[in-house]
Amino acid sequence: MQYRKLGRTGLKVSQISLGTMAFGRWIDEKASTAVLDQALDVGINVIDTADVYGRGMDVGDTNLLGESEAILGNILKGRRNDILLATKVKAPVGKGVNDSGLSRYHIHRAIDNSLRRLKTDHIDLYQVHGFDPETPFEETLGALDELVKQGKIRYLGCSNFAAWQLAKAHGISALHKLNRFESVQPEYSLITRDIEQELIPYVQTDNVGVIAYSPLGRGILTGKYRKGEEPEAGSRLAAGEKRLELLLKTNPTYELIEKIQPMAAARGWTLAQFALAWILSHSFISSAILGASKPEHITDAIRFADQRLTQEELDRIDEISRNLKLIR
Ligand SMILES: NC(=O)c1ccc[n+]([C@@H]2O[C@H](COP(=O)([O-])OP(=O)(O)OC[C@H]3O[C@@H](n4cnc5c(N)ncnc54)[C@H](OP(=O)(O)O)[C@@H]3O)[C@@H](O)[C@H]2O)c1
């Protein structure tokens with residue numbers, strides 16, 4: 001496993017992180033343990049979760065949220081200090097008007113709930129899950145800064161931010177001498193390249209770490225879904241993941257796969273291995289958060305992750321993506 005610096009910080013993160021959105025949602029504690037064991041075995045040191053991850057995301061029941069953190073709390077026993085634990089706050093975790101968002105009230109309550117479920121006294125990377133237009137950044141960043149000073153958080157990050165939102169937050173942190181967001185977690189893969197337009201040029205000028213989520217397009221870039229065919233049992237499409245359904249409907253995914261597959265085959269790699277190596281060929285990426293529902297997903301996908309694509313391959317992919325209007 002190779003390690004990269006998280007933006008301007010001194011923190012070294014594995015170039016592949018483990019995402020645990022599946023824990024407690026699509027896989028049980030036993031299967032989650034097998035996935036976590038494998039991740040630690042291959043040298044992954046970043047484990048990403050969120051206060052909201054759990055079965056409730058699919059069935060709309062807020063009592064069934066937080067299961068991913070709860071499972072991690074159980075299965076990280078004795079290994080907490082071997083990993084960097086990242087979680088998130090903002091999405092609704094209850095029906096109350098203050099059960100979501102980035103108010104000082106909700107943040108303080110949410111982190112205490114996360115710490116309790118995770119059975120730990122600190123979060124290494126605490127990320128706001130998205131922009132909250134109803135709360136001033138002064139309030140959010142002030143609350144997060146308090147938690148850093150209390151020792152509950154080591155580093156601050158954000159997720160799903162537009163470039164202007166991150167730039168504004170950084171300006172407010174600088175003005176009030178508050179800890180700033182040192183990383184951003186956007187969706188990024190061969191089929192979702194929107195961040196190249198604004199966010200990436202910004203983070204490069206301000207040395208912000210990028211932890212990319214869904215690098216395999218939620219499974220699409222393994223080639224497991226075929227047009228007009230039923231998804232395999234046990235897959236996330238079969239389980240009805242909404243965002244995955246939307247990606248398949250709205251993006252030219254099948255056309256892209258048809259064009260990229262021969263490039264992967266020319267190297268003797270699977271599509272998933274090629275998709276991951278493509279992400280990691282970009283130096284602005286600190287880490288790509290892989291999702292896995294089986295331990296072999298990890299070993300298989302990361303097999304060639306230490307190898308970089310050639311400039312010729314990167315240019316060819318850009319040309320294909322431009323033709324399919326995935327980039328401008
Ligand atoms: N900040 C946010 O808003 C946000 C949003 C989404 C995700 N995330 C984070 O990013 C993490 C990763 O997201 P993701 O799960 O969508 O990432 P992904 O790596 O794009 O997709 C993972 C899925 O691909 C399939 N897969 C992976 N390796 C495979 C292999 N070798 N062979 C066959 N199939 C394989 C599995 O699907 P099946 O399980 O269907 O077999 C797996 O669940 C999440 O766990 C979460 O931590 C963050």
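**Cavity, pockets and ligand site**

The structure holds one cavity of 30 Å³ or more. The model is a predicted one, and the account below moves from this enclosed space to the open pockets and then to the ligand. The volume of the largest cavity is about 50 Å³. Its walls are formed by Leu-6, Leu-11, Val-13, Val-46, Leu-84, Asp-124, Leu-125 and Ile-211. Divided by class, the lining of the largest cavity comprises seven nonpolar residues, no polar residue and one charged residue, the charged member of the listed set being Asp-124.

Among the open spaces, the second largest pocket has a volume of about 320 Å³. A set of 20 residues lines this second largest pocket, and Glu-187, Thr-192, Asp-194, Ile-195 and Arg-243 are the ones closest to its centre. With three residues, helix α8, which spans residues 242–250, gives the most to the lining of the second largest pocket. The lining of the second largest pocket divides into ten nonpolar, four polar and six charged residues.

The largest pocket, by comparison, has a volume of about 1100 Å³. Its lining is made up of 50 residues, and those that lie nearest the centre of the largest pocket are Met-21, Trp-26, Ser-214, Arg-218 and Arg-236. Several elements of secondary structure take part in this lining, in that α2 (56–59), α10 (271–280), β10 and α11 each supply at least two residues. Of these elements, α11 gives the most to the lining of the largest pocket, with four residues. By class, the lining of the largest pocket consists of 21 nonpolar, 18 polar and eleven charged residues.

It is in the largest pocket that the ligand sits. The shell around the ligand contains 28 residues, of which Asp-48, Ser-214, Lys-224, Arg-236 and Ser-293 come nearest. Two of these names, Ser-214 and Arg-236, also appear among the residues nearest the centre of the largest pocket. The strand β10 (287–291) and the helix α11 (295–301) each supply at least two residues of the shell around the ligand. Whereas α11 gives the most to the lining of the largest pocket, β10 gives the most to the shell around the ligand, with three residues. The composition of the shell around the ligand is eight nonpolar, 14 polar and six charged residues.

Polar side-chain atoms of several residues approach the ligand. For Arg-236, a polar side-chain atom lies 2.6 Å from an oxygen atom of the ligand, and for Asp-48 the corresponding separation from a ligand oxygen atom is 2.7 Å. A nitrogen atom of the ligand, in turn, lies 2.9 Å from a polar side-chain atom of Gln-185. Taken alone, the ligand exposes an area of 910 Å², and the protein buries 93% of that area. The ligand is thus described by its place in the largest pocket, by the polar side-chain atoms of Asp-48, Gln-185 and Arg-236, and by the share of its area that the protein buries, 93%.

Definitions and conventions
Residues are numbered from 1 along each chain as its sequence is written. This is a predicted model: local features need pLDDT of at least 70, side-chain atom pairs count only at pLDDT 80 or more; totals for chains, interfaces and linings use all residues. Side-chain values use heavy atoms; hydrogens and water are left out. A residue is near a molecule or strand if one of its heavy atoms lies within 4 Å of it. A polar contact is a pair of N or O atoms within 3.5 Å; within protein, one must be able to donate a hydrogen and the other to accept it, and residues adjacent in sequence count only if both atoms are side-chain atoms. Accessible areas come from the Shrake-Rupley method with a 1.4 Å probe; for residues, only the protein chains shown count as cover. On a 1 Å grid over the protein atoms alone, a cavity is a set of points where a 1.4 Å probe fits but cannot get out, and a pocket is an open set with protein on both sides within 12 Å along at least five of seven lines; lining residues have an atom within 4 Å of a point. A molecule sits in a cavity or pocket if more than half of its atoms lie within 2 Å of its grid points. Grid points are joined across faces, edges and corners, and a volume is the space filled by probe spheres set on the points.
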